[in-house]
Amino acid sequence: MTIWFTEVSELSNYCTEHQTSFADIEVEHKNEKGKLWKIAYPTLDKIGEIIIATTRPETMLGDVAVAVHPDDERYKKLVGTRILLPIVDKEIPIIADEYVDMSYGTGAVKITPAHDPNDFEIAKRHDLPIESIISPAGKMINVPAQFLGLTPVEARARVLEALEALELRRGESDIEHAVGHCYKCGSVIEPMVKEQWFIKMESLAQPAIDALEREEVTFYPASKRHVLIAYFEQLKDWNISRQIPWGIPIPAFVNENDPKDWIFDTRINEQSIVVNGTTYIREEDTFDTWFSSGQWPYIVTDYLTGGDLANYFPTDMMETGMDIMRAWVSRMIMLSLYRTGKLPFKEVYLHGMVNDEHNQKMSKSKGNVINPMELVAEFGSDATRMGVISGRAPAQSPGF
């Protein structure tokens with residue numbers, strides 16, 4: 001079995017605050033109240049119009065098409081024609097794609113492939129251009145002068161003002177929708193096209209699914225086995241690139257004169273190396289921590305090299321927090337099967353989190369922790385321990 005590991009331009013989950021990409025599992029989706037704006041896109045003769053509905057009017061500056069469902073009788077005659085992109089005054093096509101939901105909004109959607117995952121897939125199917133209009137720093141780029149340098153939120157207000165002046169706004173409605181946030185700082189994730197390193201997950205996930213379906217790993221609680229199988233079944237390719245200063249360097253070097261010529265080399269302490277007279281520059285990205293920690297079971301035991309601790313792989317039981325079952329336990333299972341052909345453990349015990357009075361996990365970054373020594377001083381260490389663990393079952397979270 002082989003896995004695909006390569007650098008490609010793909011749509012990534014990007015945090016403009018930390019200025020790094022994240023895997024899908026690291027994005028926290030929160031339901032938020034928002035607006036659905038209706039905007040008229042004029043026909044070329046400016047006599048007719050097609051009305052689209054969007055939650056992000058600021059990204060219309062990077063639109064490359066408007067899509068409708070092929071079975072939508074309202075728009076069949078328009079498919080294949082072209083319309084004007086407001087403000088930018090650029091001609092864009094009307095295309096038909098089955099992804100479009102005829103019952104949502106107006107049944108016509110703007111396509112901004114550089115900043116929306118669904119639009120990105122539509123663009124690939126229809127061979128549409130991909131034009132970025134938001135920089136890694138979270139500022140508007142490649143847009144008309146009056147929007148340059150604005151944040152997307154600032155640009156939204158100005159775009160709506162411009163549309164109002166052009167008499168192209170056709171109403172708005174209140175909605176509630178899921179919005180992705182950075183799990184570290186809470187800022188809104190910006191989908192962004194970047195060259196990143198990806199691993200193809202299908203060939204990694206299937207052996208793990210097969211092993212769990214054969215019940216070769218026992219979970220406590222047992223229900224988590226089915227949860228993990230469901231997670232494996234919906235996995236997409238894994239972005240393992242991070243644009244952070246601290247992390248394990250990716251051992252890849254690129255030809256200084258040929259951006260398509262990449263080589264593997266372990267001399268990651270060198271900024272550049274020379275191979276057969278050609279200078280190669282080290283990749284600056286680092287590995288996702290779950291990619292490296294997912295290899296923990298067979299690395300720390302020196303199993304691959306038959307080291308002194310090799311007989312400790314696989315182990316009997318893995319005990320860890322329920323909050324990292326998908327991020328860590330799943331990776332250990334997949335990568336161990338791939339590298340060794342063996343499951344890394346026979347049993348997985350998932351403990352709960354220590355929660356605060358609002359049932360939120362205690363965390364230093366959230367500032368909702370308590371000093372356990374104060375409880376120990378008042379009740380004693382044994383009583384404090386028993387208070388935390390008594391009456392608890394696997395994956396249950398005690399609160400204070």
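**Exercise 1.** In this predicted model, determine which residues are in contact with Met 317, leaving aside its neighbours within four places in sequence, and state whether Met 317 is buried, partly exposed or exposed.

*Solution.* Leaving aside the neighbours within four places in sequence, Met 317 is in contact with Tyr 220, Glu 347 and Tyr 349. Met 317 itself belongs to strand β19, residues 315–321. Its relative accessibility is 39%. Buried requires a value under 20% and exposed a value over 50%; Met 317 therefore counts as partly exposed. As for Gly 294, its C-alpha lies 16 Å from that of Met 317, with the two positions 23 residues apart in sequence numbering.

**Exercise 2.** Describe how helix α3 and helix α7 are placed relative to each other, and which residues make the contact.

*Solution.* Two packed helices are described by the angle between their axes and the distance between the axes. For α3 (residues 202–213) and α7 (residues 325–340), the axes come within 9 Å and cross at roughly 105°. Angles of 65 to 115 degrees count as roughly perpendicular, so α3 is roughly perpendicular to α7. From α3, the contact involves Leu 204, Ala 205, Pro 207, Ala 208 and Leu 212; from α7, Ile 333, Met 334, Leu 335, Leu 337 and Tyr 338. Sorted by class, these residues are ten nonpolar, no polar and no charged.

**Exercise 3.** State the strand order of the open sheet of four strands and identify its edge strands.

*Solution.* The order is β15-β14-β17-β16, with antiparallel pairing. Strands β15 (258–264) and β16 (272–275) pair on one side only and are thus the edge strands. On average, neighbouring strands are turned by 35° against each other, direction ignored. Within the sheet, β14 (residues 252–255) and β17 (residues 278–282) are joined by three bridges, and Phe 253 stands opposite Arg 282 in β17.

Technical notes
Residues are numbered from 1 along each chain as its sequence is written. This is a predicted model: local features need pLDDT of at least 70, side-chain atom pairs count only at pLDDT 80 or more; totals for chains, interfaces and linings use all residues. Side-chain values use heavy atoms; hydrogens and water are left out. Axes are lines fitted to C-alpha atoms, for helices over the stretch in contact, and angles run from 0 to 180 degrees between N-to-C directions. Helices (H or I, at least four residues) and strands (E, at least two) are DSSP runs, numbered from the N terminus. Angles under 35 degrees count as roughly parallel, over 145 as roughly antiparallel, 65 to 115 as roughly perpendicular and the rest as oblique. Contact means heavy atoms within 4.5 Å. Ala, Val, Leu, Ile, Met, Phe, Trp, Tyr, Cys and Pro count as nonpolar, Asp, Glu, Lys and Arg as charged, and the others, Gly among them, as polar. Buried means under 20% relative accessible area, exposed over 50%, partly exposed in between (1.4 Å probe, protein chains only). Two strands pair if DSSP finds at least two bridges between them.
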